[in-house]
Amino acid sequence: ATEKSAVFIIFGGSGDLAHRKLYPALYRLYQAGMLKDHFAVIGTARRPWSDEYFRETVITSLEDFDDDKEKMTAFAQHFFYQSHNVNDSEHYIALKELAAKLDDKFDAGHNRVYYMAIAPRFFGTVAEHIKSEGLKTDGGYNRLVIEKPFGRDLASATELNDSLSRVFPEDEVYRIDHYLGKKMIQEISNIRMKNPTFEEALNSKYVSNIQVTLGESLGVEDRGGYYETSGALRDMVQNHIMQIIGSIAMDKPEELSAEAVHKVKTDLFASLKVLQPEEVKTEFVRGQYDTDNLGDQKAYRDEDNVDENSNIETYVAGRIEFSDDRWNGTPFYVRSGKRMPAKSSRIDIVFNDKVKDLGIKPNTTVSFLIEPEDGHSILINGIDYLEANQDFLKFPEDKTYFDNAREAYESLIIDILAGDHVHFTLWDELQSTWKYIDAVREQWDVEEPDFPNYLSGTMGPEAADTLLERDGNSWVWDD
Ligand code: NAD
């Protein structure tokens, strides 16, 4: 692995995202030799911590690694702490000086990665200060990394984007959707390229419907406060589900470069058939969990920091259509819910009977299982594809292919350091997906739902089944 050089500035360095995801991911890069001598990480947060204390918290975040303490300690020596309040100009000047000092010390090539592991309401303020206090460097790169949520509708997403783009042009912005970091999702393009018959069958002539499910068995846990401002539609469909659809349904790019891939993805999302208010009633279903059949689990409305009359949905199912030549007429059924019977993220492609013309058994179903086991399984008609031994889908040849797959954040940070945008979300795509989501949300907001409407531990409200039955279809994953 080629060594990379950069100074990372992590805003929110004491937070959950930093500790659960970023530090372990950076450590994996360190193990791989991609981060070695020429990097430093500055953690910032409000609390007044010493470097030593910060380093201890970083080492604690690595408890899942079965590695020697010495290596972890050496890694932690690259970490520095700067207490920081987002509104205080002085703190940015201190940050700038510390970054310059560390750049010299570690010979980091004037490269900066600014990682926003803080609440989105601070993004604009931080970006403005990065500009006014002159943190961006000359002679190296400056890259901004942000995470969902990118706004809560098109208007707020636009406002957020405007505040960032005044400081970081689009080619310096890396918007993380961690599903795009998952091996299985990344492999879909390869699978399509290496299996011409499968690719040939991937359009409305041969596909009856495509289903994308992101199911969770957990409830909101301790995130009720955040969830009350979001709901399943915004939290899962606008970003993760749409991006997963993008990977499977985009036109074949001319090459696997960021530019070519984003061109076909942007075109796909621009062809989303935005629903009229009346259509929302028939094409989308929402749900909210109740207790389970034994009365043991908390209903959503009884969770901490949740309004006792909350109308926030913990489940959504929808029937999405595109108007482009490739997909016109094929329904994409999507769903995401909390308190479903199991955690399961999957894509099911249901072919029609015309596929026999391509040598594929009529009505074949191809399923890509994404979670809980990232990437291990591709099923053809419910059988492991290696055993199903079908000519149209031969990739990868060997199961161990996925065993050493990088974790999503590790893979995405490698891309950021390489300046590769292929697995990140672009602003053009977000505009189209928000426009689509807003039309559903606006209709929902003027109608009173009949919540709660599904028991914890079940597949969601019945109307989610009717949505498919109406078309003569049914969910492939059904408990
Ligand atoms: P968190 O509450 O655990 O951490 C927030 C961090 O921001 C802390 O380090 C805190 O000190 C800092 N902070 C708060 N107010 C500040 C201020 N005024 N000045 C300076 N620093 C301040 O939050 P989190 O779960 O780590 O999430 C951070 C961001 O990442 C959010 O935008 C969240 O939506 C997003 N995100 C988190 C996860 C996750 O797994 N936790 C996943 C996806 C996206």
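Colleague: What makes strand 3 and strand 6 the edge strands of the open sheet?

Modeller: In this predicted model, six strands form an open sheet in the order 3-2-1-4-5-6, with parallel pairing. Strand 3 and strand 6 (173-176) each pair on one side only, and they are therefore the edge strands. From one strand to the next, the twist averages 20°.

Colleague: How do you know that strand 1 and strand 2 pair?

Modeller: Pairing requires at least two bridges between two strands. Six bridges join strand 1 (residues 6-11) to strand 2, so the two count as paired, and they run parallel. One of the residues concerned is F11, whose bridge partner in strand 2 is T44.

Colleague: Which strands does helix 5 touch where it packs on the sheet?

Modeller: Helix 5 (residues 123-132) touches strand 1, strand 4 (112-116) and strand 5 (142-147). The direction of helix 5 makes about 155° with that of strand 4.

Colleague: Why is N161 called buried?

Modeller: The relative accessible area of N161 is 10%. Buried means under 20%, so N161 meets the criterion. N161 is found in helix 6 (residues 154-165). Leaving aside residues up to four places away in sequence, N161 touches R175 and W427.

Colleague: Which residues of helix 2 are buried, and what covers them?

Modeller: Within helix 2 (residues 51-60), the buried residues include F54, R55, T57, V58 and I59. Their cover includes helix 1 (16-31), strand 2 (39-45), helix 3 (69-76) and strand 3 (79-83).

Key:
Residues numbered from 1 in each chain as written. Predicted model: local features only at pLDDT ≥ 70, side-chain atom pairs only at ≥ 80, totals over all residues. Heavy atoms only, no water. Buried < 20%, exposed > 50% of the residue type's maximum accessible area, 1.4 Å probe, protein only. Helix = DSSP H or I, 4+ residues; strand = E, 2+ residues; numbered from the N terminus. Contact = heavy atoms within 4.5 Å. Axes fitted to C-alpha atoms, helices over the stretch in contact; angles between N-to-C directions.
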